[in-house]
There are 2 protein chains.
Amino acid sequence: MEADTLELESFLPYRLYRLADAVSREFSRVYKGRHGLTRPEWRTLAGLGQHGTMTATALGEQSAMHKTKVSRAVAELERRRWLTRKPDEKDRRVEHLTLTNAGLAAYREMVPLAKAFERELLSKLSAGERVAIAEGLAALEAALGR
Amino acid sequence: MEADTLELESFLPYRLYRLADAVSREFSRVYKGRHGLTRPEWRTLAGLGQHGTMTATALGEQSAMHKTKVSRAVAELERRRWLTRKPDEKDRRVEHLTLTNAGLAAYREMVPLAKAFERELLSKLSAGERVAIAEGLAALEAALGR
DNA sequence: TTTCGATAGTTACAAACGAAACCAATTTGG
DNA sequence: CCAAATTGGTTTCGTTTGTAACTATCGAAA
């Protein structure tokens, strides 16, 4: 490789982005196809399903979304009556979000699909490759988390 | 972990996306800050810098961009006079794109910055972790490339 | 208290995006 | 040959996004 050339195919930011984009696009067919959810909506559903009641801020931190995305996703899920808001007693800026039964039902339906998707994807790797990707991602996450 | 719950933090599509988003956002400051480029524009520049003359279709394949993104990026780089189009002799639908001297200069300026960015990021990993991420990404790429 | 700075969440606006329609040129196959 | 399907590339339109401004509330400090 020449010194003054960048090989895009092996450039880490590009590889990561392309891979994430492909995987994410593939997976989005699951929740988009099933319920017409956007990614922020899916993540909101997943966050609340996993943790029960949360605030919008907590949701944003857990699922790495900007607060405007959270705000819009919450508004949409509320419109669908998949979640309800309850104002905090102490601090009236804060709202506690909880899935309704309908929301919970959708979540419970999605979980096995998500797990199957992941399993399917990982099944194409060898055991050693699975270890490698897990370790590599964890290392990068740690490196960025500072 | 309960069987009917999905742990978002360890869900592969989510981890990949979050990581790519963080890295990409960080790196975008390099080309956005330096020249006000968008990501498709940067990739177009990188593609042409790496390969010399290319068609729009080839660019899209090499850098994994939808053809509308390519079309818009090319239009903008042309507006900046960073590239020129030359119609194909044989097939008049095709255009061959080449960086001008100005475009080449910008590319040459970006390459070391990109390399430094990647080096900096990887320097936070151990040698073993670097091997792991390389191997893991390659395995996933291979798994998806079908 | 009153005021000033932070924080929770929403909204407005412009930029970026994707899907699909579109145009023009080319290839295919009857 | 000629109609139909394909391909390279652009445009249009509605949706999603990010930035920044905004509202409302709270906590701290004077």
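Helices in these legends are DSSP runs of at least four residues, numbered from the N terminus, and the structure shown is a predicted model.

**View 1. The annotated span of chain A and a residue in its helix H1.** For "domain: HTH marR-type", an unreviewed UniProt entry lists residues 9–142 of chain A. That span is 72% helix and 9% strand, and the C-alpha atoms at its two ends lie 24 Å apart. A:Ser24 has its place in helix H1 of chain A, which covers residues 12–35. Because its relative accessible area is 7%, and buried means under 20%, A:Ser24 counts as buried. When residues up to four places away in sequence are not counted, A:Ser24 touches A:Arg39 and also B:Tyr17, a residue of chain B.

**View 2. The protein surface near DNA strand C.** DNA strand C is surrounded by 21 residues, of which the closest are A:Thr57, A:Ser71, A:Arg85, A:Arg93 and B:Lys69. Of the atoms of DNA strand C that come within 4 Å of the protein, sugar and phosphate account for 62%. The residues of this surface divide into 12 charged, 6 polar and 3 nonpolar. At least two residues of the surface are supplied by each of three helices, namely H3 (56–63) and H4 (67–79) of chain A and H4 (67–79) of chain B. The largest share, 4 residues, comes from H4(A).

**View 3. Individual polar contacts to DNA strand C.** Two of the contacts shown here involve phosphate oxygens of the strand: one such oxygen lies 3.4 Å from a polar side-chain atom of A:Arg25, and a phosphate oxygen is 3.5 Å from a polar backbone atom of A:Ala56. A base is reached by B:Arg72, whose side chain has an N or O atom 3.0 Å from a base nitrogen of DNA strand C.

**View 4. An aromatic pair in chain A.** A search of the whole structure finds 10 aromatic pairs over all chains. One of them is formed by A:Phe27 and A:Trp42, whose rings are edge-to-face, with 5.6 Å from centre to centre and 70° between the planes. Since A:Phe27 lies in helix H1 and A:Trp42 in helix H2 (residues 39–51) of chain A, the pair ties together parts that are 15 residues apart in sequence. Both A:Phe27 and A:Trp42 are buried.

**View 5. An aromatic pair in chain B and the cluster around it.** B:Phe27 and B:Phe117 form a tilted pair, with 5.1 Å from centre to centre and 50° between the planes. This pair links distant parts of the chain, 90 residues apart, with B:Phe27 in helix H1 (residues 12–35) and B:Phe117 in helix H5 (residues 101–122) of chain B. B:Phe27 is buried, with a relative accessible area of 3%, and B:Phe117 also counts as buried, at 15% relative accessibility. Ring pairs link these two residues with A:Phe11, B:Tyr31 and B:Trp42 into a cluster.

**View 6. Two residues of chain A with positive phi.** A:Ala64 is not a glycine, yet its phi is positive, at about 55°. A:Ala64 is found in the loop between H3 and H4 of chain A, and at 38% relative accessibility it counts as partly exposed. A:Arg81, likewise a residue other than glycine, has a positive phi near 60°. The place of A:Arg81 is in the loop between H4 and strand S2 (83–87) of chain A, and A:Arg81 counts as exposed at 66% relative accessibility.

Definitions and conventions:
Residues numbered from 1 in each chain as written. Chains lettered and ligands numbered in written order. Predicted model: local features only at pLDDT ≥ 70, side-chain atom pairs only at ≥ 80, totals over all residues. Heavy atoms only, no water. UniProt positions renumbered as here; feature names shortened; annotations may be inferred. Buried < 20%, exposed > 50% of the residue type's maximum accessible area, 1.4 Å probe, protein only. Contact = heavy atoms within 4.5 Å. Near = heavy atom within 4 Å. Polar contact = N/O pair within 3.5 Å; in protein donor to acceptor, adjacent residues only side chain to side chain. Nonpolar A, V, L, I, M, F, W, Y, C, P; charged D, E, K, R; others polar. Phe/Tyr/Trp six-rings, centres within 6.5 Å; stacked < 30°, edge-to-face > 60°.
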